[in-house]
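User: I'm new to this structure and would like a close look at a single part of it. Please start with the stretch you find handiest, then walk me outward from there in plain words.

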Amino acid sequence: MSAPETSSSASPPPTTRRRVLGGAATLALCATALTACGEANTGTGVPTLTWYINNAFDAPIGERCSEEAEAYDIRTEQLPNNAAGQREQILRRLAANDSSMDILSLDPPYMAELAEAGFLRPFTGEEREEFSEDVLEGPLQQSLYEDTMFGAPFFANTQLLWYKKSVAEEAGLDMSEPVTWDQIIDAAEQTDSTVAVQGQRNESLMVWVNALVESAGGAIIDPDSQGADAEDVEATIDSPAGKRAAEIMTRIADSTAAPPALSTAAEETSRAAFQEERGGFMVNWPYVWNAFAAGEEDGTLPAGFREDVGWAVYPRVDADTPAATPIGGVGLSVGAFSEHPDLAVDAIRCLRSVESQVEHMLTGGEPGANAAVFEDPRVREQFPMWEAIRTGLVDAAPRPITPFYGDVTGAIQQGYHPPSEISPETAPQRTAELIEGVLSNEQLL
């Protein structure tokens, strides 16, 4: 990917179903000025569809699909750079019944909130079947809310385990086989190197905690709570999996493997730690590979730095259980107030085609959602770790799919931070109580 996927905190959404809708009504009153009617035509005699993108690399895709279409034109509007800003702008516009919100590049954690509020057009059963074809399991899971597709998978992302070959060799660690968190911590301590992770109190931390809990066989909230009212959502992080996640986090924080400023480390901080002489291991998104190349080119990294860099699938919590890898990405949604919803769906067919996904991966650096993308020889050449990426997207575990995601992630960021001070014995229970307390209006974040 071209930039860290989860570098900003999620803004908490309303904490009850009533307040999801009530909050939207309030936003409608203060956001009327944002309403923009879709353009009838641009001199071509056909409707203009507006595609709100969160990545400037996608503008050429919109131009190509617009040139190929006869029934519509596509123009793009750039959303804010960070995920919280994107959510806020999209929510305000949709709350104001903005008919220009034809096609939205939507961060999956926010999909359920918008769907629950009635701001997204659900895809039909036939459309869901079409947009599910050949899609890898992780991206497909995060496109659904209450068994309905609200975001056609466009691109995805997953974290890998990056390591220096020289460090793994010195530690006697066989990286051709899956490794556990305990193994890489042991190896780092043995070689006086670091394990770079994202411990900052923002969405990066949520990504890490969710991956650890899911990898240990648990879940932060009960998946059966997906469509429940806020007060009925059940937090399930108070479990052996929640405890195991805390144990791994505190073990890194309390060891010589902890990089400096672990509790404030985001993706770029982790990359910087890995690039240091003591850097040994790191979990991060695939964008770092191109960043290493850029560093070699501009002289900020030694020539040949990447020759010592290896990659593997995400570390396991238990040796016998595959890791539930983190996943990010974007789905393409249709605004509920679009004047041309059927045309928007037709445009999405082009915007998320395999050709478009390959183009996005080669220019934007973020992996496609369809398996066929990884068959393209250009992708395999530019991303030599393509097999590990594809495996990660198959084994991925999305973050909780709930309209109250902002409150859930806020509670996790409070209950599991800083890693050096959390207690495996008490953090899971306190965090579960905080999640349910906030959703029941009995506690504040």
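Analyst: Before anything else, a word on labels: helices (H or I, at least four residues) and strands (E, at least two) are DSSP runs, numbered from the N terminus. Our starting point is Pro418, which sits in the loop between H17 and H18. The peptide bond leading into Pro418 from His417 is cis, and its omega is near -10 degrees.

Some ground rules. This is a predicted model, in which local features need pLDDT of at least 70 and side-chain atom pairs count only at pLDDT 80 or more, while totals for chains, interfaces and linings use all residues. Residues are numbered from 1 along each chain as its sequence is written, and side-chain values use heavy atoms, with hydrogens and water left out.

Now step back from that loop to helix H17, which spans residues 405-415. Nine of the 11 residues in H17 are buried, so the helix is mostly covered; buried here means under 20% relative accessible area, exposed means over 50%, and partly exposed is what falls in between (1.4 Å probe, protein chains only). The buried ones are Tyr405, Gly406, Asp407, Val408, Thr409, Gly410, Ala411, Ile412 and Gln413. And what does the covering? Helix H9 (203-215) and helix H18 (427-439) are among the parts that cover these buried residues; a contact is counted when heavy atoms come within 4.5 Å.

From here, let's go to a spot where the chain is linked to itself. How many disulfides turn up in a search of the whole structure? One is found, a disulfide being a pair of cysteine sulfur atoms within 2.5 Å. Cys65 and Cys350 are the partners, with an S to S distance of 2.0 Å. The link is left-handed, with -85 degrees about the S-S bond. Cys65 belongs to helix H2 (residues 59-68) and Cys350 to helix H13 (residues 341-351), so the pair ties together parts that are 285 residues apart in sequence. Both of these cysteines are buried.

Stay in H2 for a moment, since Arg64 is found there too. Is Arg64 buried or exposed? Arg64 counts as buried because its relative accessible area is 14%. Setting aside residues up to four places away in sequence, Arg64 touches Cys350, Glu355, Ser356 and Glu359. So one of its contacts is a partner in the disulfide.

Ser356 brings us to helix H14, residues 354-364, where the buried residues are Ser356, Gln357, Val358, His360, Met361 and Gly364. H2, strand S7 (152-158), H13 and helix H15 (377-382) are among the elements covering them. Just after H14, Gly365 has a positive phi of about 85 degrees.

Next, a strand. Six of the six residues of S1 (residues 48-53) are buried, so S1 is largely enclosed by the rest of the structure. In a regular strand the side chains alternate between the two faces of the sheet. Here both faces are covered, with Thr48, Thr50 and Tyr52 buried on one side and Leu49, Trp51 and Ile53 buried on the other. S1 pairs with strand S2 (residues 73-78) in the parallel sense over six bridges; two strands pair if DSSP finds at least two bridges between them. One of the bridges puts Tyr52 opposite Glu77 in S2.

Helix H3 (residues 83-95) holds Leu94. Leu94 is buried, since its relative accessible area is 0%. Beyond its neighbours within four places in sequence, Leu94 is in contact with Met101, Leu104, Leu114, Phe119, Leu120, Gly335 and Phe337.

To finish, two loop residues with a positive phi that are not glycine. Asp147 has phi near 65 degrees and lies in the loop between strand S5 (144-145) and strand S6 (148-149). Asp147 counts as exposed because its relative accessibility is 57%. Asp192 has phi near 55 degrees and is in the loop between helix H8 (181-191) and strand S9 (194-196). With a relative accessible area of 48%, Asp192 is partly exposed.
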